[in-house]
Amino acid sequence: MRAAILNGYNKNGGTLAVCDIPVPQTEEHEVLVKIKAAGRRSIY
């Protein structure tokens, strides 16, 4: 599974890295949601 991970944050913005991680296992009364698209926009 691919994930965008926030490695650090400072006053100039954050550092995102796209990494492969294992698919999380759900437990009873939990769901796993697949995101098809996401966006990021800086607001100044």
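## The hairpin

Two strands, β1 and β2, make a hairpin, with two residues between them. Here strands are DSSP runs of E, at least two residues long, and helices are runs of H or I, at least four residues long, both numbered from the N terminus. This is a predicted model, where local features need pLDDT of at least 70 and side-chain atom pairs need 80 or more, while totals for chains, interfaces and linings use all residues. Residues are numbered from 1 along each chain as its sequence is written, and side-chain values use heavy atoms, leaving out hydrogens and water.

The strands run antiparallel, and eight bridges join β1 to β2 (residues 13-20); two strands count as paired if DSSP finds at least two bridges between them. Look for Ala3, which sits opposite Cys19 in β2.

## The whole chain

Beyond the two strands, don't go hunting for helices: the protein chain has zero. Its C-alpha atoms fill a box of roughly 40 × 20 × 15 Å along the principal axes.

Of the chain's 44 residues, 5% count as buried, meaning under 20% relative accessible area with a 1.4 Å probe and protein chains only as cover (exposed is over 50%, partly exposed in between).

## Met1 and its patch

Met1 comes in the segment before β1 (2-10). Met1 counts as partly exposed because its relative accessibility is 43%.

Met1 also joins Ile5, Ile21, Val23 and Leu32 in a nonpolar surface patch with about 400 Å² of accessible area together. Such areas come from the Shrake-Rupley method with a 1.4 Å probe; for residues, only the protein chains shown count as cover. Patch members have over 30% relative accessible area and no salt bridge, and nonpolar side chains (Val, Leu, Ile, Met, Phe, Trp, Tyr) are joined within 5 Å. A salt bridge puts a side-chain nitrogen of Lys or Arg within 4 Å of a carboxyl oxygen of Asp or Glu.

Note on methods. Patches are made of residues with over 30% relative accessible area and no salt bridge: like charges are joined within 9 Å, nonpolar side chains (Val, Leu, Ile, Met, Phe, Trp, Tyr) within 5 Å.
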